[in-house]
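Subject: Structure handover

Hello,

Here is the structure you will be working with. Please open it beside this email and follow along.

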Amino acid sequence: MELCRHRQHIKLFRLPDAVDGCKECRAVGEGWRNLRICLECGHVGCGDTSPGQHAMAHAAATHHPLVRSLEPDEEWSWCYIDRVGMLTPEVTGSTRVPPHPVGP
């Protein structure tokens, strides 16, 4: 039995080679931590430990439930609706991310 009922929302099967950081944080000149990518549309937002929590805000606004960590050496994904972590082996590749402008 799968714990996440939203895997059909995965439309992004190949991670981008590189990203510039959290789109919303960059727009207002703020820093971020822990980049996440929406597995439905490819939006890159900051994680829940960042001041803006833009990945979660994107999921709430768009009803796109699944994100994957873009952090080096992390391959996990998260479903915001079912509140479970999982692996998504159908999503391949790795992404170069800029240094975190907010401390560790």
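Arg36 faces Ser69 across a strand pairing, with Ser69 sitting in β3. The model is predicted, so please keep that in mind as you read. The two strands involved are β1, residues 35-38, and β3, and they pair antiparallel over 3 bridges.

β3 has a second partner. Strand β4, residues 76-79, runs antiparallel to β3, and 3 bridges join the two. Here Leu66 stands opposite Cys79 in β4. The hairpin of β3 and β4 has 6 residues between the strands. Look there for Asp73, which takes a positive phi near 65°.

Now look along β3 itself, residues 66-69. Which way do the side chains go? In a regular strand they alternate between the two faces of the sheet. In β3, Leu66 and Arg68 point one way, while Val67 and Ser69 point the other way. All four residues are buried.

Next, the salt bridges. How many does the structure hold? There are 2 salt bridges. Side chains of opposite charge can pair when their charged atoms come close.

- Arg5 pairs with Asp82, and their closest N and O atoms are 2.5 Å apart. This pair links distant parts of the chain: Arg5 is in the segment before α1, and Asp82 is in the loop between β4 and β5 (84-87), 77 residues apart. Arg5 is exposed, because its relative accessible area is 57%. Asp82 is buried, because its relative accessible area is 17%.
- Arg7 pairs with Glu90, and their closest N and O atoms are 3.2 Å apart. Arg7 lies in the segment before α1 and Glu90 in the segment after β5, so this pair ties together parts that are 83 residues apart in sequence. Both ends are partly exposed: Arg7 has a relative accessible area of 22%, and Glu90 has one of 31%.

Then the cysteines. A disulfide is a covalent bond between the sulfur atoms of two cysteines. How many disulfides does the model count? The count comes to 0 disulfides. Why does Cys38 not bond to Cys41? Cys41 holds the closest cysteine sulfur to that of Cys38, but the distance is 3.8 Å, so it is too far for a bond. The cut-off is within 2.5 Å. The view from Cys41 agrees: its closest cysteine sulfur is in Cys38, at 3.8 Å, again too far for a bond. Buried or exposed, where does Cys38 fall? Cys38 is buried, with a relative accessible area of 1%. Cys41 counts as partly exposed, at 42% relative accessibility.

There is also a pocket to find. Rolling a probe the size of a water molecule over the atoms shows where empty space is left. The largest pocket holds about 240 Å³ of space. Its lining has 16 residues, and the closest to its centre are Leu15, Arg68, Glu74, Glu75 and Gly93. The lining divides into 6 nonpolar, 5 polar and 5 charged residues. You have met Arg68 already, as one of the buried residues of β3.

Last, the helix. Lys23 lies in helix α1, which covers residues 23-28. Lys23 counts as exposed, because its relative accessibility is 54%. Cys46 is 23 residues from Lys23 along the chain, and their C-alpha atoms are separated by 8.5 Å.

That is the tour. Over to you.

Best wishes

Note on methods:
Residues are numbered from 1 along each chain as its sequence is written. This is a predicted model: local features need pLDDT of at least 70, side-chain atom pairs count only at pLDDT 80 or more; totals for chains, interfaces and linings use all residues. Side-chain values use heavy atoms; hydrogens and water are left out. Buried means under 20% relative accessible area, exposed over 50%, partly exposed in between (1.4 Å probe, protein chains only). Two strands pair if DSSP finds at least two bridges between them. On a 1 Å grid over the protein atoms alone, a cavity is a set of points where a 1.4 Å probe fits but cannot get out, and a pocket is an open set with protein on both sides within 12 Å along at least five of seven lines; lining residues have an atom within 4 Å of a point. Grid points are joined across faces, edges and corners, and a volume is the space filled by probe spheres set on the points. Ala, Val, Leu, Ile, Met, Phe, Trp, Tyr, Cys and Pro count as nonpolar, Asp, Glu, Lys and Arg as charged, and the others, Gly among them, as polar. A salt bridge is a side-chain nitrogen of Lys or Arg within 4 Å of a carboxyl oxygen of Asp or Glu.
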